[in-house]
Amino acid sequence: MARFGVFEADLEARELRRQGKRVRLQDQPFALLAFLLERPGVIVTREELRDKLWPADTFVDFDHSLNTAVNKIREVLGDSASSPRFIETIARRGYRFIGGVQNSADAEALEQEQPKLAPHTYPELPRPHRGITRLLFGLLQVMYLIFYLEALLHWHALDRIEIFNLGAPLLASIVIVTAGVGIPLRFYLLSAVAFDHAELGAKFHKIFLGILVLDLLWAIAPFLIVEKIGFGPAFGATAALLYVPFAERTLVRMAYPNAG
C-alpha cells in the first residue's frame, strides 16, 4: 500500500482510492503510476517505462500510449503538467513522482515507535478540480466584459445619472477610461486561463493591485441602473462585487498554487 496526499494505491490489488473511495483507473495507467510510486523523487526515463510496461513484441505507438496514460493519471489525481503536485514531466527524458509517498511498512513502523500520536493526517487537503476554478475565474472575466460593453453601449444615458454627487461628465470619463483599460485586460486574463498559461499565477500576482483598484471602481456599476432596480438591490450588488477581486485571487492561487 502506497499513500500520497489524499490517495492510497493498493499495488497488489491494483486499486486506487481517494479518501477510502475507489477511483477508476485503467490497468496500463495504474501500472505506470505504480512504477513511479516505487521510485519517488527519481527520474524514470521513457526507455525504462517502455521496457517495463510495453514488451518488445508489443506493436503500439509508444509515445502516444505513454502520453495518454500519463494524462489519465493526472486527470484522476487532479494534477497538471504546468503546475504538478504529483507527476513532473522531465523534458525529453521521462517523468518523476514528486509527491510524498508513504508505504504501509513505513506507516506500521511509525505507529509502533509513536503509538500515542494523534491519528494520521494527510499533508494535503482535498482541492477542487482545476477545471472548475479556471472556469469560475473565466466567468468572472466575462461578467466584467459585459459590464464594460453595456456601459459603453449606453454611455449617452450617463448624462442623466448622478452618483454620490459625482457630476455626469466626470462619471462618463471615468467609465470610458476604465472600460478602455479593462476590456483588453479581461481578454488577456480570459485567454490566459482558457489556454492554461503556466505563468498566469505569477503574472496575476504582479498586476493584482491594478486589478483591485479597477474592480473596486466598477463595484459601483449597479448604481448605474439604480433607478430601475432601487437603492437596496444596488447597494447589495455593490457589496458583493467588492469581494470579487479577492475571489479572483483565491481562484488563481487554487489553480496555480506554485506561482508567486
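Trainee: Which residues does Thr-238 touch, not counting residues up to four places away in sequence?

Mentor: This is a predicted model, in which local features need pLDDT of at least 70 and side-chain atom pairs count only at pLDDT 80 or more, while totals for chains, interfaces and linings use all residues. Residues are numbered from 1 along each chain as its sequence is written, and side-chain values use heavy atoms, with hydrogens and water left out. Thr-238 is found in helix α9, residues 231–241, where helices (H or I, at least four residues) and strands (E, at least two) are DSSP runs numbered from the N terminus. With contact taken as heavy atoms within 4.5 Å, and with residues up to four places away in sequence not counted, Thr-238 touches Ala-219, Ile-220, Pro-222 and Phe-223.

Trainee: Is Thr-238 buried or exposed?

Mentor: The classes rest on relative accessible area, with buried meaning under 20%, exposed over 50% and partly exposed in between (1.4 Å probe, protein chains only). Thr-238 has a relative accessible area of 10%, so this residue counts as buried.

Trainee: In what order do the three strands of the open sheet stand?

Mentor: Two strands pair if DSSP finds at least two bridges between them, and the pairing in this sheet is antiparallel. Two bridges join β5 to β7 (residues 94–97), whereas four bridges join β6 to β7. The order of the strands is therefore β5-β7-β6.

Trainee: Which strands stand at the edges of the sheet?

Mentor: An edge strand here has a single partner strand, so one of its sides is left without a neighbour in the sheet. The strands at the edges are β5 (44–45) and β6 (87–90).

Trainee: Which residue in β7 is the bridge partner of Glu-88, and how far apart are the closest N and O atoms of their salt bridge?

Mentor: In β7, the bridge partner of Glu-88 is Arg-96. Glu-88 is partly exposed at 24% relative accessible area, and Arg-96 is partly exposed at 23%. Their side chains also form a salt bridge, which is defined as a side-chain nitrogen of Lys or Arg within 4 Å of a carboxyl oxygen of Asp or Glu. The partner is thus Arg-96, and the closest N and O atoms are apart by 2.9 Å.

Trainee: How many residues apart in sequence are the parts that Arg-134 and Asp-196 tie together?

Mentor: The side chains of Arg-134 and Asp-196 meet in a salt bridge, at 3.9 Å from N to O. Arg-134 lies in helix α5 (residues 130–153) and Asp-196 in the loop between α6 (168–194) and α7 (200–218), so the separation in sequence of the parts they tie together is 62 residues.

Trainee: Which element supplies the largest share of the largest nonpolar core?

Mentor: A nonpolar core is a set of buried Ala, Val, Leu, Ile, Met, Phe, Trp, Tyr and Cys residues joined through side-chain atoms within 4.5 Å. The largest such core has 30 residues, and those with the most contacts inside it are Phe-4, Leu-16, Leu-32, Leu-33, Leu-49, Leu-66 and Phe-97. At least two residues of this core come from each of β1 (2–4), β2 (7–10), α1 (27–37), α2 (46–53), α3 (62–77) and β7. The largest share, eight residues, comes from α1.

Trainee: At what angle do α2 and α3 pack?

Mentor: Axes are lines fitted to C-alpha atoms, for helices over the stretch in contact, and angles run from 0 to 180 degrees between N-to-C directions. The axes of α2 and α3 are 11 Å apart, and the two helices pack at an angle of about 90 degrees. They are therefore roughly perpendicular to each other, and their contact is made by Arg-46, Leu-49 and Arg-50 of α2 with Phe-62, Asp-63, Leu-66 and Asn-67 of α3. The packing angle asked for is about 90 degrees.

Trainee: Are α7 and α10 roughly parallel or antiparallel to each other?

Mentor: Angles under 35 degrees count as roughly parallel, over 145 as roughly antiparallel, 65 to 115 as roughly perpendicular and the rest as oblique. α7 and α10 (residues 244–255) pack at about 170 degrees, with their axes 9 Å apart, and their contacting residues include Phe-204 and Phe-208 in α7 and Phe-246 and Val-252 in α10. The two helices are therefore roughly antiparallel.
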